[in-house]
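Trainee: I would like to practise explaining the words people use for protein structures. Could you show me one, and let me ask you how each label is earned?

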Amino acid sequence: MFGPPRAVSLAFAEPAPLIAYAVPFSIAWIVVGAPLMTLLAPELVIVNGAVSALGTSTTQLTAIAIGTVVIAIAHGFALTAATLAIAARVDGRPLCARDAWATALRRPGSVALATIVSLAGAAIGLVIAVFIGVQPIAGIAAAIALGIGGIVLAPLLLAWPLVVVRRQSLGSALAAAWRSPREFQGQGAEPLGSPRFAVVFTVIATGIIVVVIRLLGALVPLGWWTPVVGVALVLVPTALVQVLLAAVAVRGAALRVKGPLDVTVEGAAAEASDSAVSEPAESRSARAPRGGALAGIAVLLVPALAAGAVLAVNPWHVPAYDAADLPRVWRSSQIVPWQNGAVLLSRLGGEDASASLCDGATCGPAHDMRTILPTAVAPADDGGMLSASWYPVEGADSSSGSFELRVTHSTPDALAHWSDPRDEDAPDEEPGDWAGFPGEERVLGSVDSAFERGDSVFARMHESRMAVAIDTSGPAPVIASVIGPRGTDATLAIDFCADSACTDSTRTTQELEWAIGLSNATTIDIVSTDDGDSAVVTLTQKESDGYGAPLRVFTATADGDWTTETLDADVPGPVAEDDGDFAFGAQVERGADGMPVILFRAADRSGLRLFSCADIACAEGEITDITPETDLLAAPALAIDESGRPLIGTFDRAQNIALISCDDAACTDRTLVPIAAVAPTEAGFSNGYALSVDDEGRPLIAVGMRRAGSTAKATFNGTVFNCIAARCGAN
């Protein structure tokens, strides 16, 4: 092939063109990125290693617009410098990146032209993207029409180098470029055919390669390298494509002019240009230095590495987490830490109950529970999991039966295998082996029940008759359960386990009146004292009706000593008009002083009340009322990390998923930390909200809402958040 070297060789055989583009382009991203993060930090989150906005604001749009203009100017300058370096190579004269920048500074018209074209292209792309989101068919049709127009106008790209080297005015250059397809130089000089085909082929080929690379990049597991890969996959392909297109345009223009492309160069440079045109491209390529593009790629990786380092340090304390999407997080849910991830137990009373293992941005297959009756789960000290469930047991005839409370200890090895996808073709795998938590079940207690002839199956397996909770934060696990098979007479039991696997236990019970109401994960809760000799239980019901009170606290020892306190459940605030509130209740945790801390939400009220108990029995203490910014009725969610300060799950006024970060143990001062924006779905909000912290104090959150930006199936309506830092990165 005669004429200038191929476009790929012009662009990447020597380091000057790519360095000329990469340095100003990379500097612009760094200069724009740091101030933008500082200015918009209150409106940003870091999800799965990428920076994302919680919403849209005027400040955000203005800052992004200014940043876009700055990057467009840098792109225009960089493209001008790279084009000058490529043109010098075609003319057979040396031009280093420094000289290319100096010359580009004297080409303000070319810089302005490239800037305007890039801004126009970005604006058109944004309009098409919005149009597709609002009117998909019309938006796709508009995109196709623009694509056809781009193919027709593709030869005009050859005007760019003519303008940059000041060989022709813009109008003359556009006219010459439009005529270029009719001046075909032959297959020996233009193996890709006319300039139109060469430009279109380059755009399509590089576009396919970029898409494939980014798809492969999306498969990289999450880690500290995630932002590095993400930024690199933006900058490197963009720079390579821009420089390659410039080389295609320079080569096409050079074939159609006589003498050197840059007429501002005289003397020896012109003679070198004549020699370059007559010399075979293969011999010139053989003399060119190898690996020329590597230096430019290394420059482009600098912003990527800087982004990874800065996001890892997170000096702005932007909430940072991994997010996993799930089909559902029902209103009666628990999330507890397990190894480097979490176990999610999601229940919709009497209808659905499943559990999944989640790690980072992924959750394993959902396992149906063996029973639809209440189940509770907690991490075991040996790295396994402890679960307790109520089971219905058929009696000798149609009018008799019983309910059993069973505990299961799942070893770490069993859970690791349990998280593997189910092998549908395995002949030795029964459906029952897949359901429930792995491990042997042990019966903790049984309560007989008599049924009337007209009782339905649902009545005999009604989850509102019972509840269960587990705590493993003390020396040994404690399990609380309540059951009222008929009427309002109920039995409250606490099982004090002898070891982490609860292979043996001591039970103490108390009879009480308890109004049956739809049970959920916050109907009953339990926490052990520091020494493990006592346990504190919270028990709630929708209304008293003479059967106890909406919120009672029971304290018991393994020897059978009980105390009962009725707490003030009259939380101020308006009553919700919707009478379908089934997510009310209380959660109890052990505070930094070893005393119980209780978060309570009354039925049909969005207001929360935090009790900071002064003694184990919670006979005295401090009360803090917390008024949420929305009237969404969510399950009360409480956790206390190593700092001794509570974390409370909530929503902000924009209905973003949020945390209340308490500044003191009683939460008299607090900070609202938005975590994620939500996307509206037909399924709506399930009222499910679960919260806990792992051994390093990092919050684990499960919410029955779809997060904005989720790419999961449209039917998915639940999210698990695994925060990367304590208090999710907030101060």
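Mentor: Gladly! In the protein chain, residues 24 or more positions apart account for 62% of the contacts with a separation of 6 or more. Keep in mind that this is a predicted model. The chain has 16 helices and 33 strands, and buried residues make up 52% of its 731 residues.

Trainee: Let me start with one residue. Why is S410 called buried?

Mentor: Set the value against the cut-off. Buried means under 20% relative accessible area. S410 has 0%, so it counts as buried. You will find S410 in strand β11, which covers residues 400-410.

Trainee: What does S410 touch?

Mentor: Leaving out residues up to four places away in sequence, S410 touches G384, M385, L415, F437 and P438.

Trainee: What makes the pair S410 and P438 a polar contact?

Mentor: A polar atom of the S410 side chain lies 2.4 Å from the backbone oxygen of P438. The limit for a polar contact is 3.5 Å, and 2.4 Å is within that limit.

Trainee: Now a contrasting word: why is Q339 called exposed?

Mentor: Exposed means over 50% relative accessible area. Q339 has 55%, so the label fits. Q339 is in the loop between β4 (332-338) and β5 (341-348). Not counting residues up to four places away in sequence, Q339 touches G383 and P412. The C-alpha atoms of Q339 and G384 are separated by 8.7 Å, although these residues are 45 residues apart along the chain.

Trainee: Let's turn to charges. How do you know that E14 and R89 form a salt bridge?

Mentor: Look at the closest N and O atoms of the two, which are 3.4 Å apart. A salt bridge needs a side-chain nitrogen of Lys or Arg within 4 Å of a carboxyl oxygen of Asp or Glu, so this pair of Glu and Arg qualifies. The pair links distant parts of the chain, with E14 in the loop between α1 (7-12) and α2 (15-40) and R89 in helix α3 (residues 58-90), 75 residues apart.

Trainee: Why do E14 and R89 get their accessibility labels?

Mentor: E14 has a relative accessible area of 27%, which falls between 20% and 50%, so E14 is partly exposed. R89 is at 14%, which is under 20%, so R89 counts as buried.

Trainee: What makes R406 and E441 a salt bridge?

Mentor: Their closest N and O atoms are 3.2 Å apart, and that is within 4 Å. R406 lies in strand β11 and E441 in strand β12 (residues 441-450), so the pair ties together parts that are 35 residues apart in sequence. R406 and E441 also belong to a network of salt bridges that links them with R370 and E404. The structure holds 14 salt bridges.

Trainee: May I try the next one? D495 and R507 meet at 2.9 Å, N to O. That is within 4 Å, so I would call the pair a salt bridge.

Mentor: Well reasoned! D495 sits in strand β15 (residues 489-497) and R507 in strand β16 (residues 505-513), 12 residues apart. D495 has a relative accessible area of 1%, so it is buried, while R507, at 32%, is partly exposed.

Trainee: How do you know that strand β19 is mostly covered?

Mentor: Seven of its seven residues, 551-557, are buried. L551, V553, T555 and T557 point one way, and R552, F554 and A556 point the other way. In a regular strand the side chains alternate between the two faces of the sheet.

Trainee: And what makes β18 and β19, or β19 and β20, paired strands?

Mentor: Pairing needs at least two bridges. Strand β18 (residues 534-540) is joined to β19 by seven bridges, and the two run antiparallel. The bridge partner of T540 is L551 in β19. On to strand β20 (residues 562-566): β19 and β20 pair over five bridges, also in the antiparallel sense. There, F554 has T564 in β20 as its bridge partner. β19 and β20 form a hairpin with four residues between them, and G560 in the turn has a positive phi of about 100 degrees.

Trainee: Last one: why can L153 be part of a nonpolar patch?

Mentor: Patch residues need over 30% relative accessible area. L153 is at 47%, so it clears that cut-off while counting as partly exposed. The patch consists of I132, I140, I144, I148, V152, L153 and W178, with about 620 Å² of accessible area together. Helix α6 (residues 136-153) gives the largest share, five residues, and L153 lies in that helix.

Methods: Residues numbered from 1 in each chain as written. Predicted model: local features only at pLDDT ≥ 70, side-chain atom pairs only at ≥ 80, totals over all residues. Heavy atoms only, no water. Buried < 20%, exposed > 50% of the residue type's maximum accessible area, 1.4 Å probe, protein only. Patch = residues over 30% accessible without salt bridge, like charges linked within 9 Å, V, L, I, M, F, W, Y side chains within 5 Å. Areas by Shrake-Rupley, 256 points an atom, 1.4 Å probe, with all protein chains shown as cover. Polar contact = N/O pair within 3.5 Å; in protein donor to acceptor, adjacent residues only side chain to side chain. Contact = heavy atoms within 4.5 Å.
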